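Work through the exercises below with the coordinates open. Try each task before reading its solution.

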Amino acid sequence: MMPPTLPTHDVVLLGIGHTNAHVLRMWRMQPIPDARLTCVSNFPTATYSGMLPGVLAGQYPPEAMEIDLVRLCAAAGARLILSNVTGLDRQHRELLFDDRPPLRYDVLSVGIGSVPSRDGLQVADNTLLPIKPMQTFVARLESRVLASGRRRPPDGAIYRAVIVGGGVGGVEIAFCLSSRLRTLLAERPFEITLVNSHPRLTPGTTDATAQRVQRELESRGVNVILDRRVTSIEASTVTLDNGQSLAADLILWATSAAAPPLLGRVGLPTDDDGFLLTTPALQSTADPAVFAVGDSGTIVGQELPKAGVYAVREGPILWENIQRALRGQPVVTYRPQRGFLKLINTGDGRAIGEYRGFTFAGRWAWRLKDRIDRKFMAMYQDYTPMLMGQGSGRPEMDPPQMRCAGCGGKIGGTVLSRALSRLEIPLHDSLLVGLSQPDDVALVRVQDGQPLAATTDFFAAPLDDPYLVGRMAALHAASDVLAKGARPVAALAIATIPEGPAEQQEQLLFELLAGGVRELKAMGATLAGGHTIEGPQLTIGYTILAEQARPLRAKGNLRAGDALILTKPLGTGVLLAAHMQALLKAGCWQPLLNAMLRSNQPAAELLAEFDVRAVTDVTGFGLAGHLLEMLRASKVAATLRLDSVPLLPGAAELLSGGMQSTLAPANAAAEREMDTAKCNRSSAGYAALFDPQTCGGLLIGVAREQAGELCRGLHAGGDEAACIVGEVATETGGRRLTILNSAF
């Protein structure tokens, strides 16, 4: 008998700060047997706060401080969920979300950090800019400064920035902000003011260090206000507790740590400041299945500052205790270090430091900080899957090609057509559209009613997230009937579930079908039944039944002069192939999901208002393959303009580098009916024509004079990438599809 393929245990990391990131890194090198790791975050990257000031000063590019969670999770074989957590169901050991089903856990590590405290603050305008979330801080800062700093001020008007919070983080920002402002504001003068509620700067350091920091700030022209608390922000004015007012164009909030609101909603004991109380083993005092690490936790009986250095040291203890908890073994104790090296970036190639009460400064201190930070980040920016490189960071041999899932796992169109041609298929009086005149759906005559449109589609799961895969499968299967103008009413599910413990199978099937039901409900359809079996790979699909109230939009009705409109960008195939190899960058992840989870229903319903001749959806056979199906059925030719074909972010780079889905070579058989200049064949846009699309868009043939208005309607409805990509021409006896490089 084959061993179970579903894991027995679920480990969930909520938030990927310093401590949880260590677990993810270790999992990449040595995963825990019979367990699955899921990372839950609001962002596809994690940010190392120690390098943020250096990014502001221009010493590092923004990506230097980022951990790409999309790539690291893919390399570690971990699931990544980007969603908002609302609470915890401890009785059922489930993490609760606002937009998806609960997530089961056996061990949960909460590491969502802290937020700047706003106690007693009243805010009445938008000049306040919190430092957190750090993943978006630089972009938010630049946007705010450019928006306010480029207004036409009175002659000589100074741009005023106020930083609230004089801890190490606020001080480093005060040192380094001037470089960024100088770049963003060009010639406009500016001034920086630092406000701290404590009688001195950098609490937690020695008086000598604090005095040195203050002297350095004042020598740079930074105004330092101590022992004053900000009480309100209104009309671009900061009001202090002594009544003093400061005019401000920009207010950066970098105060002491406060507990995120979520910690108060999980039903676990907290300290007076709202942070989760833990034992010295980092486990919740009320639930040993829950760990709280980094800023999120407070160890009973210990008063430690909320500093990243403690979170880093907690990492190995958490990793050890997660393994022990799953094995039912006694956990080990975390013993915080008594002192640690402090290095403050002054933004000019120097640093101020303190170690064991001794204060120092100089360029050598900056070089030390730079070396420590780069070495730390290097551990988390190696995204090589371990089965390939065995820890070396480089593949030792060419791995066997991984087969793509989603629509990249379809049988090639040539194989399919040859197999069908060998069958003797009987005709049936009730079958209005079938294999004898093939289209995207079958159309069946129903006695005393509207014709019934039916289609079926399924695929191997392209992502390790059954809820998203279930949504994709329903959208993908319904796309055919939507393109034909039919209204989905019911669906039958088809699922293959890997072997494993019954509880795990139940949870997987629940999440899978919950995703599908969500999308079916949005279409006005329902789940009517289906069939499930066990198998070696997770697959999911639906048979869609739909009412064909409108005339069928057959794909064989194109006419010369029609414009061809594509509603979604291409590239899902190559991006999913890259993700399988941990090569898909974080910035490409959300646009890919957005495209695949965008329903074709709004676009399909809009078509009823236009003189639409023919429609198909672009799926496994790629844009070229599906367009050629339309051209053959219509007995016409067409010209496609490469520069007009939209691509998803990252697709062009990957295609230019030779990456492709495993179905792309079979799709390229369509070239025998295509004509193009030799120079076009090496372009990314040309390769994209053969890229199999999962949950692709619609390809629409419409009267040329209505094409512009239709595109504007699609944009207004949410299909922002919709555009004219080609035009239909009269068949001449040559090749059916001509590819030009020019855009419309």
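The exercises that follow treat helix packing, single residues, cysteines and backbone geometry in a predicted model.

**Exercise 1. Helix packing**

Task: Describe how helix H1 and helix H7 pack, and state which orientation class the pair belongs to.

Solution:
- Step 1. Locate the helices. H1 spans residues 18-29 and H7 spans residues 308-327.
- Step 2. Choose the descriptors. Two packed helices are described by the angle between their axes and the distance between the axes.
- Step 3. Read off both values. The angle is about 45 degrees, and the axes are 7 Å apart.
- Step 4. Assign the class. Angles under 35 degrees count as roughly parallel, and 65 to 115 as roughly perpendicular. H1 and H7 are therefore oblique to each other.
- Step 5. Add the handedness. The crossing of H1 past H7 is right-handed.
- Step 6. List the contact. H1 contributes His18, Thr19, Asn20, His22, Val23, Met26 and Trp27. Residues from H7 include Ala311, Val312, Glu314, Leu318, Trp319 and Ile322.
- Step 7. Sort by class. The contact of H1 with H7 has nine nonpolar, six polar and one charged residues.

**Exercise 2. Three residues, three exposures**

Task: Is each of His579, Ala247 and Gly530 buried, partly exposed or exposed? Give the surroundings of each residue as well.

Solution:
- Step 1. Take His579, in helix H13 (residues 572-580). Its relative accessible area is 16%. The cut-off for buried is under 20%, so His579 is buried. Beyond four places in sequence, His579 contacts Val70, Ala74, Leu463, Leu584 and Trp589.
- Step 2. Take Ala247, in strand S18 (residues 245-247). At 45% relative accessibility, Ala247 is partly exposed. Setting aside neighbours within four places in sequence, Ala247 contacts Arg160, Val162 and Ser236. Its C-alpha lies 9.5 Å from that of Tyr159, with their places 88 residues apart in sequence.
- Step 3. Take Gly530, in strand S31 (residues 526-534). Its relative accessibility is 55%. The cut-off for exposed is over 50%, so Gly530 is exposed. Apart from residues up to four places away in sequence, Gly530 touches Leu492 and Ala493. The C-alpha atoms of Gly530 and Ser479 are 19 Å apart, and the two residues are 51 residues apart along the chain.

**Exercise 3. Cysteines**

Task: Why does Cys723 form no bond with the closest cysteine sulfur?

Solution:
- Step 1. Find the partner candidate. The closest cysteine sulfur to that of Cys723 is in Cys711.
- Step 2. Compare with the cut-off. A disulfide needs sulfur atoms within 2.5 Å. The sulfur of Cys723 is 6.7 Å from that of Cys711, so the pair is too far for a bond.
- Step 3. Check the total. The structure holds zero disulfides.
- Step 4. Check exposure. Cys723 is buried, at 18% relative accessible area.

**Exercise 4. Backbone geometry**

Task: What is the peptide bond from Lys132 to Pro133, cis or trans? Then describe phi of Asp227 and Cys695.

Solution:
- Step 1. Inspect omega. From Lys132 to Pro133 it is near 5 degrees, and the bond is cis. Pro133 sits in the loop between strand S12 (128-130) and helix H4 (137-149).
- Step 2. Inspect Asp227. Its phi is near 60 degrees, a positive value in a residue other than glycine. Asp227 is in the loop between strand S15 (223-225) and strand S16 (230-234). At 41% relative accessibility, Asp227 is partly exposed.
- Step 3. Inspect Cys695. Its phi is positive, about 55 degrees, although Cys695 is not a glycine. Cys695 is in the loop between helix H19 (684-688) and strand S37 (698-702). At 5% relative accessibility, Cys695 is buried.

Conventions:
Residues numbered from 1 in each chain as written. Predicted model: local features only at pLDDT ≥ 70, side-chain atom pairs only at ≥ 80, totals over all residues. Heavy atoms only, no water. Helix = DSSP H or I, 4+ residues; strand = E, 2+ residues; numbered from the N terminus. Buried < 20%, exposed > 50% of the residue type's maximum accessible area, 1.4 Å probe, protein only. Contact = heavy atoms within 4.5 Å. Axes fitted to C-alpha atoms, helices over the stretch in contact; angles between N-to-C directions. Parallel < 35°, antiparallel > 145°, perpendicular 65-115°, else oblique. Left-handed = near helix turned anticlockwise from the far one by under 90°. Nonpolar A, V, L, I, M, F, W, Y, C, P; charged D, E, K, R; others polar.
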